[in-house]
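Happy to have you here. Let's take some structural labels one at a time and ask what earns each of them.

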Amino acid sequence: MVTFDIFAQAVVSGLANGAIYALVAVGLTLVFGVMRIINFAHGEFLMIAMYAGYFAWALAGIDPVLAIFIVTPLLMLIGVLLYDGIIRRALAAPEINQMAVTLGLSLLLQNLALMTFKGDNLLIPLARATESIAIGPALLQLPQAIAALASLLLIAALWLVLRLTDFGIMMRAVAQSRDGAVLCGIGLGAVYRWALCIGIGTLGITGPLLASTLYVNPHVGALFTLKAFVIVIAGGLGNFGGALLGALLVGLAESIAGAWFSASIAAAVPFALLIVAMLWRPEGLIARRVAR
Amino acid sequence: MLSSMIRRGAAAALMACALSAGAALAQDTVKIGVLLPITGNNAADGGRMLKAHELAARQINEAGGIKSLGGAKVELVVADIQSKPEISRSEADRLITRGNVSLLMGAWASATTIPAMQISDRNGVPFIVTSAVTDSITEQGLKNVFRVAPKAKWFAENVAGFMADLNTGDAKIRKVGLAFEDGPYGQSVSKNYKETLLAKGVFVVAEESFKTGTPDLSTQAAKLKASGADAVLIVSYVDDEVVLLRAMAAQKFNPVIIGFGGGHVHQTLLQAGGIAEKTFGIVEWMPDVAKPASLAFVKAFAAAFNNEIPLSNQAQAFSSTWIAAMAIDAAASRDPAKVRDALARIKVTDGPAAVLPDDVIEFDERGQNTVGAVVAQVIDGKFVTVWPASVAQQKPVR
C-alpha cells in the first residue's frame with residue numbers, strides 16, 4: 001500500500017525529525033557525560049526556551065531564527081544559575097536524591113508555567129510554516145528544514161570544541177575520570193558549571209526553532225523528554241555521535257512505521273527500539289565514546 | 001442613652017422582620033438540585049456552567065417566579081461532585097433524601113452523570129442531563145431521565161447532512177479521509193463517522209490515527225493527499241489539529257476540512273492564521289446562532305459576567321434551568337412525580353429556554369431531546385455559524 005512517494009516522504013520527514021530530536025538530546029547527553037547527573041527537567045528548560053522564542057516574536061516581532069541569539073545567552077545563564085543554585089548542592093548526595101531533585105524541578109517548572117501562562121497553546125504563525133522545499137518527490141516543511149540544519153551545525157560545532165580546544169580537553173578529562181582530572185589540577189566546579197551552561201544553552205537554539213514548527217504550552221517539553229532519554233541511552237550515555245545516530249534512527253523508524261501502519265503505532269517505536277538496543281548493545285550504539 | 005435604646009429596638013425589630021421574611025421565603029421556594037464539578041479536574045467547566053444556571057434562575061425569579069405556585073422563587077441547591085463519579089452518586093443521594101428537591105440537573109461529563117441519574121431514577125426524581133453525550137444515557141429506558149444534550153452519534157449524521165448540503169454544483173464530496181487522535185474520544189467519534197458515512201454512500205478512503213502530541217504529521221498528510229480525499233474529517237485536540245493543518249498546507253493539499261467540537265472551535269485555531277481560514281467545525285451551539293432567544297442569552301450573559309462569551313455547555317445549562325422551571329409551573333406542584341409527568345409533555349418553541357439550535361425542545365418517550373449541532377466556519381479570522389440554514393449567520397464559503 002505504501003507507494004514510493006510516501007516512502008520517500010517518510011524518509012525525508014523522519015531524518016528531519018531525527019535531527020530535531022538530536023537537537024534536544026545533545027544537551028542532555030553532554031550534561032550526563034560530564035557530570036553523571038540525569039536531568040529530568042531538561043524538557044522543562046526546553047519549554048522555557050520555547051516560551052522565550054514565542055515572546056520574542058509576539059512582543060518584539062523577532063523572527064525565531066534571530067531569537068536564537070537572545071534566547072541562547074538567556075538559557076546559558078539559566079544553566080549557570082541551575083548549577084550554583086541547585087545542582088552543586090546535590091552533587092554530593094546519592095544518585096537517587098539527585099534524580100529526585102531534577103524530577104521535582106521538572107514538576108515545579110511545569111506548574112509555575114501553568115500558573116504564569118495558563119494552559120492554552122500559543123502559536124507563532126510564520127508565513128513559512130506552510131512553505132516547503134522539494135527533496136525528490138517529498139516535501140519538507142521549511143521551519144523543520146531550518147531546525148534540522150541548525151541541529152547538524154550545532155553538533156558539529158560542539159564536537160569541534162570538545163576535540164580541538166583546551167576547554168574541550170578538560171571536559172573530556174572530567175568525563176573520563178573525575179579523580180584523574182582533579183589530580184591533574186582541573187577545577188571540577190568550573191567544568192561542571194560550563195557543562196550545564198552549554199548543555200542547557202543548546203536548548204536556546206532548539207526552543208525558538210521548535211516553537212515555530214509546533215506550539216507552546218506548559219507541557220510541551222514532556223513530549224520530547226522521554227524520546228530524548230531513549231536516544232541518549234540507546235546512543236550510549238554521554239556520546240555525541242551515538243546521540244545523533246540514535247536520534248536519526250528513532251526519527252526514521254517512527255516515520256516509516258507511520259507510513260506503513262499509523263502514527264499511533266509509530267509512537268511506540270522509539271521504546272521498542274530502546275529495548276532492542278539494550279539487548280543488542282547495552283553499552284550504546286557507538287561503543288567508542290567520542291565525548292569522553 | 002435614649003437614642004441608643006431606640007436604635008437597639010429598631011435593630012431588633014428589623015431583625016425579627018428579616019427572620020420572618022426569611023422563613024416565609026424558605027417555605028416558598030422551589031428547590032432544584034444542580035450537580036456540578038466545582039472542584040477537581042473539571043472545576044473550570046463546572047464553574048462556567050454554574051454561572052449559566054444562576055443567570056437563568058435569576059431571570060426566572062425576576063419574571064415573577066413559578067406562577068402556578070403563587071410566584072414561588074426558584075432556589076438552586078448546588079452540590080459539588082468534585083469531578084468524581086462516586087461523589088456525584090452520593091451527592092445526588094443527599095439532595096434527594098435531605099435536600100427536598102423537586103428535580104435534579106447535571107452532571108457535566110457522562111462518567112459523572114450516569115451514577116447520579118441512576119440514583120435519581122430509582123428514587124422517582126426527574127433528572128435533566130445537561131451536557132453528557134454518551135448514547136446509552138437515554139437508551140436504558142430510565143423513566144425519570146431527560147436529556148437536553150444530543151447523542152454523540154448524531155454528530156456524524158449532522159456532518160453527513162452538512163456535506164450533502166455542501167454538495168451543490170461541481171465540487172462534490174465523494175471521498176473522505178479521517179484523521180483522529182487514538183484515545184477513546186477520537187476513536188469513538190471516528191467510528192461513528194465511518195459507519196454513518198458508509199451508510200450514506202460516502203467512501204472513507206483513508207484513516208489516519210495518531211497519538212496526541214505527535215510533533216510531526218507530514219507523512220500522515222502525504223497519505224491523506226495520496227488517498228484523493230475531497231474532505232478530511234479531523235477528530236483531535238486543537239494543538240494536534242494545528243500540526244496537521246500546517247503539514248497538509250506544506251504538502252499543497254487543500255481539501256474541505258471539518259473539525260470536531262471544542263478541539264476545533266477554539267481560540268488557538270484562530271491564532272494559526274491562514275491555514276484555519278475556511279475550515280469547518282461541528283459543535284453543539286455557537287454564540288452567534290441566529291435565534292432571538294440565543295442572542296438574548298449571549299447579551300444577558302455578557303452583561304451579568306463581565307463581557308464573558310458563553311460556550312455551548314453554558315447554553316445547555318441555561319436552557320435546562322428554564323425547562324425545569326417551566327415543567328414545575330406546568331405541574332403546579334413541587335412533587336417530583338408530577339414534575340416528571342410535566343417534563344415528559346413539555347414542548348418549547350420560543351421563550352428564553354429556546355437557545356439551542358433546533359426549533360423545538362421536547363423529550364421523546366425515552367427522554368431524549370431531538371437537537372442537532374451547528375457548523376461553524378472560520379471566515380476572516382472568526383468562527384461564524386454557517387449551517388443549518390435556519391440558524392446560520394451566512395452561507396458556507398468554499
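The questions and answers below set computed values against the definitions behind them.

This is a predicted model, in which local features need pLDDT of at least 70 and side-chain atom pairs count only at pLDDT 80 or more, while totals for chains, interfaces and linings use all residues. Residues are numbered from 1 along each chain as its sequence is written, chains are lettered from A and ligands numbered from 1 in the order in which they are written, and side-chain values use heavy atoms, with hydrogens and water left out.

Q: Why is T29(A) called buried?
A: Buried means under 20% relative accessible area, exposed means over 50%, and partly exposed lies in between (1.4 Å probe, protein chains only). T29(A) has a relative accessible area of 0%, so it counts as buried. T29(A) sits in helix α1 of chain A; helices here are DSSP runs of H or I with at least four residues, strands are runs of E with at least two, and both are numbered from the N terminus.

Q: What is in contact with T29(A), leaving aside its neighbours within four places in sequence?
A: Contact means heavy atoms within 4.5 Å. By that rule the partners of T29(A) beyond those neighbours are V232(A), G236(A), L237(A), G238(A), N239(A), F240(A) and A243(A).

Q: What makes A228(A) a buried residue?
A: Its relative accessible area is 3%, so A228(A) falls in the buried class. A228(A) belongs to helix α10 of chain A and, leaving aside neighbours within four places in sequence, is in contact with V24(A), A25(A) and L28(A). A228(A) and L28(A) lie 200 residues apart in sequence, yet 7.7 Å apart in space, C-alpha to C-alpha.

Q: Why is the pair D84(A) and R88(A) called a salt bridge?
A: The term asks for a side-chain nitrogen of Lys or Arg within 4 Å of a carboxyl oxygen of Asp or Glu. The side chains of D84(A) and R88(A) meet at 3.4 Å, N to O, so the pair fits the definition. Because D84(A) and R88(A) are four residues apart in helix α3 (residues 64-90) of chain A, about one helical turn separates them.

Q: What makes D84(A), R88(A) and R193(A) one network?
A: R193(A) also forms a salt bridge with D84(A), with the closest N and O atoms 3.0 Å apart. This second pair links distant parts of the chain, R193(A) in helix α8 (residues 188-201) of chain A and D84(A) in helix α3 of chain A, 109 residues apart. Salt bridges that share partners join D84(A), R88(A) and R193(A) into one network. As for exposure, D84(A) is partly exposed at 23%, R88(A) is partly exposed at 42% and R193(A) is partly exposed at 29%.

Q: How do you know that β9(B) is largely enclosed?
A: Five of the five residues of strand β9 (residues 256-260) of chain B are buried, so the rest of the structure largely encloses this strand. V256(B), I258(B) and F260(B) cover one side, and I257(B) and G259(B) the other.

Q: Why are β8(B) and β9(B) said to pair?
A: Two strands pair if DSSP finds at least two bridges between them. Strand β8 (residues 231-235) of chain B and β9(B) have three bridges and run parallel, so they pass the test. One bridge sets L233(B) against I258(B). On β9(B), three bridges also lead to strand β10 (residues 280-283) of chain B, again in the parallel sense, with G259(B) opposite G281(B).

Q: What makes the β-α-β unit of β8(B), α8 and β9(B) right-handed?
A: The label applies if, with the strands pointing away from the viewer, the path from the first strand over the helix to the second runs clockwise. β8(B), helix α8 (residues 238-250) of chain B and β9(B) make such a right-handed unit.

Q: What is the area buried between chain A and chain B?
A: Buried area is the accessible area (1.4 Å probe) that two parts lose on being put together, summed over both. For these chains the area is about 2600 Å², and carbon and sulfur atoms give 53% of that. The contact takes 35 residues from chain A and 31 residues from chain B, and the count of salt bridges between the two chains is zero.
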